[in-house]
Amino acid sequence: MIIEATGVRKSYGATEVLSGIDLGVPEGSVLALLGPNGAGKTTVVRILSTLSRPDAGSATVAGYDVVRQATAVRSVISLTGQYAAVDENQTGRENLVMVGRLMHLGRSGAQRRTGELLEQFGLTDAMDRRVKTYSGGMRRRLDLAMSLAARPRVIFLDEPTTGLDPGSRSTMWDAIGELVRDGTTILLTTQYLEEADRLADRIVLLDHGRIVAAGTADALKARVGGERVELRFAAEPELLKAATLLSAVQTDGVLSVPSDGTATHLHQLLDLLRDNGLQPERVSAHRPTLDDVFNALTA
Amino acid sequence: MSHQGVAAALSDTATMIDRSVRLARRNGDTLFAAILLPLLMMALFVYVFGGAISTGTQYVNYVVPGMLLLTTGYGAASTAMAVADDMNSGMIDRLRSLPIRSISVLTGHVAASVARNALATAIVVLAALAMGFRPNANVSEWLAAVGLLLLYVVALSWLAAGLGVVARSVESASTLSFFMLFLPYLSSAFVPPETMPAWLRPISTHQPITPVIETVRGFLTGTPVGNNGVRALAWCCGLLAFSVLLATSLYRKHTRR
């Protein structure tokens, strides 16, 4: 396990933010910490990236203790925080060279790595413009590029796409996907199930400083019942008849039927209803959201 | 620290100085405050108020040393703001997650502050010469005056860095550093303390800026320095030690894990 945490606790004043967190992340894998605001996601990242000290418990990254061997940890990790940490009044190139030099790549090493990263993140055209002229998506990409100056073995990404438009979000996802292919270990936090689903091998659900569930995206979704088809009918008798036929429960005039989300299943469902003389007024597909997962697992 | 460690620390500090100087150079508002405002103030005092103030000498000769100290005040205020900006943005987390001594972020800003102040001071001196300032200092007196001013600027810059660390925002850093701009007015910078009311005179005489001004004035224009030289040196060294300790301990407290 390249990241390992045991019984990590943290309080700020009287408020307990983490009440005993255990984590293990195998090298080369992607772990998503999923949870609402205030769940403690950022605190986990701050402790693992040596910015905060745990009150109790211990954690190691690449075998180094995050408290006692903080400098060694810092030389193998990188952190991309929630707010882009870039200098507005430096150009993209200057920001990258600065971090490269602070990572001790040397003058020419930092220049060379900067060229590669500008290319990789599509910032070559904008490299000599000051960052304050960049769009939000470009800033995030530069921020991520700065984190990669020294080819870290472990990358922490704290809400990497919060506040980005869909286009920039998918560009970020592609960039993160590329890191995964290079074998980098990633721990990311997110509020979006879709993002965790798309990027992570394993998802840890965090709520009020506790881990409420952990597993692959499929395993978690299976626990909330996966996708559902919702049916509405014009009249009450039809609704009740359909409910009996499909042995499904109706709530507030809506019949919710488990589904695998395929067109084939939808056809079968509608054919079955038609064969029994039933015609739903409206049909809608419903995919589980973070809310559903939470309601199911924290209830 | 190992030999290699020292080299790395020096290289990190050089990189951070490079960054701070570049950021300072590109911040138009800061440069305006650090250079243009002191020039305008000097013109105001020399041409508008000066005629009505009796100092027993050409007013421009009297006021220039005070103007130099006022200039450093403006420079220090922008340093506090630059530090506050870093402390309250994601930048400090990025720097702290790198395998460097993150305190070099303060060293960088202090060095940039000294460079900016040196530039501003040189420009103010040139402008003063154009306005009729006639110093009678020889080379060693010039060097002594410049050395004392430099020491004062380094001390004040560290103090400003400390204020920047505790400030909750860039705006409050600007407010906190207000006294640096105000203190020169309560010194012998613009009027002789003897002309002030009796209750204000001791404040004016015993605050740190007055001996520094009197010493610089003595070196440049030949007024008696007296024990002001020793007092100025003591104040500057004391302020420097205090400010470095304050800034570094506030930084540690603020970034305590």
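In this predicted model, the loop of chain A that joins α3 (92–102) to α4 (107–120) contains His104(A). The backbone at His104(A) is worth a second look, as phi there is positive, at about 65°, although the residue is not a glycine. Most residues other than glycine have a negative phi. As for its surroundings, His104(A) has 19 C-beta neighbours inside 10 Å and therefore counts as partly exposed, since a residue is called buried at 20 or more.

A second histidine of chain A invites a similar look. His208(A) lies in the loop between strands β9 (202–207) and β10 (210–215). Its phi is positive too, at about 50°, and His208(A) is likewise not a glycine. With 15 other C-beta atoms within 10 Å, His208(A) is partly exposed, because that class covers counts above 12 and below 20.

Turning to chain B, the UniProt record, an unreviewed entry, places the feature "domain: ABC transmembrane type-2" at residues 29–254. In the model, this stretch of chain B is 75% helix and 0% strand. The C-alpha atoms at the two ends of residues 29–254 are 27 Å apart.

Helix α5 of chain B, covering residues 104–130, offers a handy check on helix geometry. At 1.5 Å a residue, its 27 residues should span 39 Å. The end C-alpha atoms of α5(B) are 39 Å apart, so the expected span and the modelled one agree. Just after α5(B) comes Gly132(B), whose phi is positive at about 105°.

Definitions and conventions: Residues are numbered from 1 along each chain as its sequence is written. Chains are lettered from A and ligands numbered from 1 in the order in which they are written. This is a predicted model: local features need pLDDT of at least 70, side-chain atom pairs count only at pLDDT 80 or more; totals for chains, interfaces and linings use all residues. Helices (H or I, at least four residues) and strands (E, at least two) are DSSP runs, numbered from the N terminus. UniProt positions are given in the numbering used here, feature names are shortened, and annotations may be inferred rather than shown by experiment. The expected span of a helix is 1.5 Å times one less than its number of residues.
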